[in-house]
Structure formats: structure tokens, C-alpha cells
Amino acid sequence: MEKEDALHALAALGQETRLDVFRLLVKAGKEGMTAGAISDALKVRPNTLSTHLAALSRSGLVNSERDGRSIHYRADLGTMQFLVTYLLQDCCGGNPELCAPIMNIARTGACSDNEAC
């Protein structure tokens, strides 16, 4: 990932509704959600949601697929993986053991008792 791509992705996630949309789509998984379902779940007006979905799509964090009259939106976890890798590629100044808590969270989805999350 290039610096400019990372900046676009971080800017897209730096807005409350867009962050909520992305997290909701992550939870929805491969099935994704329609714009109407996202709007209902987050209580966001459809025209406002459309603007946020467009920003997330431009950043590569969300993709869409037409299914008849509906459009399903999905989180692009590959882009998020590239973003996290970009942010952590030089993690801890060559001391990978310092990044172990982050790797544990990524692997298990949970923090251990003595790790801050």
C-alpha cells in the first residue's frame, strides 16, 4: 500500500458514520448488506448513507455488487489488511516481540488479561 492510499483509507474511517458502516459490514461478513439494511441498522438517512458509502468505496474499504435491484455492500478486508500491514510493517524498531500483543489480538480476536486493548 502506498502512503496516499493509506491516507485515503484513514480519512474515510476518520468519520463516525463511515467507521460505523465499515464495522457493521465487517460483522456482516461475506454476505454483506444492502444500503437499506445499513440505513435501518445505523439509523442513517439513505441520501446521507449514500455519500458515506461512496467515500468508503473510493478508499477501497468497501465494495459493492448489484443483485437485481439491490446493491450489496461488503467490507474489503484485503484493503484493511494492507492498511494494517502498512501501519505496522516497521513495528517496534526491529523488535517483533513488542508487537506480539497486536498479533495475538489479530489471531484470537481477543485481548489476554494482562494486555491493554
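Among contacts between residues at least 6 apart in sequence, 52% join residues at least 24 apart. That figure is for the protein on the screen, and the model is a predicted one. Of its 117 residues, 27% count as buried.

Now the parts list. The protein has six helices and three strands. Going along the sequence, they come in the pattern α-α-β-α-α-β-β-α-α.

Let me take the sheet. A general point before the details: strands of a sheet pair through backbone hydrogen bonds, either in parallel or in antiparallel fashion. Which order do the strands take here? The order is β1-β3-β2, in an open sheet with antiparallel pairing. The edge strands are β1, residues 33–34, and β2, residues 62–67, and each of them pairs on one side only. Helix α2, residues 16–28, packs on this sheet and touches β1, β2 and β3. The direction of α2 makes about 95 degrees with that of β3.

Next, the pairs themselves. β1 and β3, where β3 is residues 70–75, are joined over two bridges in the antiparallel sense. If you want to find that place on the screen, look for M33, which stands opposite Y73 in β3. β2 and β3 are also antiparallel, and their pairing runs over six bridges. Two positions to look at there: R66 has I71 of β3 as its bridge partner, and D67 stands opposite S70 in β3. β2 and β3 form a hairpin, with two residues between the strands. One residue in the turn, G68, has a positive phi of about 65 degrees.

On to the helices, starting with α1, residues 3–13. Which residues of α1 are buried? They are A6, A9, A12 and L13. These residues sit on the same side of α1, because the arc they cover around the axis is only 130 degrees. The general background is that an α-helix has 3.6 residues a turn, so residues three or four places apart point the same way. On the face of α1 turned away from its buried side you find the exposed residues K3, E4 and L7. And what do the buried residues of α1 pack against? Their partners are α2, α4 at 46–58 and α5 at 77–88.

Stay with α1 and α5 for a moment. Their axes come within 10 Å and cross at roughly 110 degrees. The two helices are therefore roughly perpendicular to each other, and α1 passes α5 in a left-handed crossing. On the α1 side, the contact is made by K3, A6, A9, L10 and L13. On the α5 side, the residues are M80, L83, Y86 and L87. Notice that K3 is in this contact, although K3 is also one of the exposed residues on the face of α1 turned away from its buried side.

Back to α2, which we met on the sheet. α2 also packs with helix α3, residues 35–42, at an angle of about 115 degrees, and their axes are 11 Å apart. That angle makes α2 roughly perpendicular to α3. Here the crossing is right-handed. From α2, the contact uses D20, V21, L24 and L25. From α3, it uses I38, A41 and L42.

One single residue to finish the tour: T17, which lies in helix α2. Is T17 buried or exposed? T17 has a relative accessible area of 18%, and the cut-off for buried is under 20%, so T17 counts as buried. Leaving aside its neighbours within four places in sequence, T17 is in contact with V44 and H52. H52 falls within α4, the stretch 46–58.

To recap: an open sheet in the order β1-β3-β2, α2 packed on that sheet, and α1 with its buried residues against α2, α4 and α5.

Conventions. Residues are numbered from 1 along each chain as its sequence is written. This is a predicted model: local features need pLDDT of at least 70, side-chain atom pairs count only at pLDDT 80 or more; totals for chains, interfaces and linings use all residues. Side-chain values use heavy atoms; hydrogens and water are left out. Two strands pair if DSSP finds at least two bridges between them. Helices (H or I, at least four residues) and strands (E, at least two) are DSSP runs, numbered from the N terminus. Contact means heavy atoms within 4.5 Å. Axes are lines fitted to C-alpha atoms, for helices over the stretch in contact, and angles run from 0 to 180 degrees between N-to-C directions. Buried means under 20% relative accessible area, exposed over 50%, partly exposed in between (1.4 Å probe, protein chains only). The arc is that of the directions from the helix axis to the C-beta atoms. Angles under 35 degrees count as roughly parallel, over 145 as roughly antiparallel, 65 to 115 as roughly perpendicular and the rest as oblique. A crossing is left-handed if the near helix is turned anticlockwise from the far one by less than a right angle, and right-handed if clockwise.
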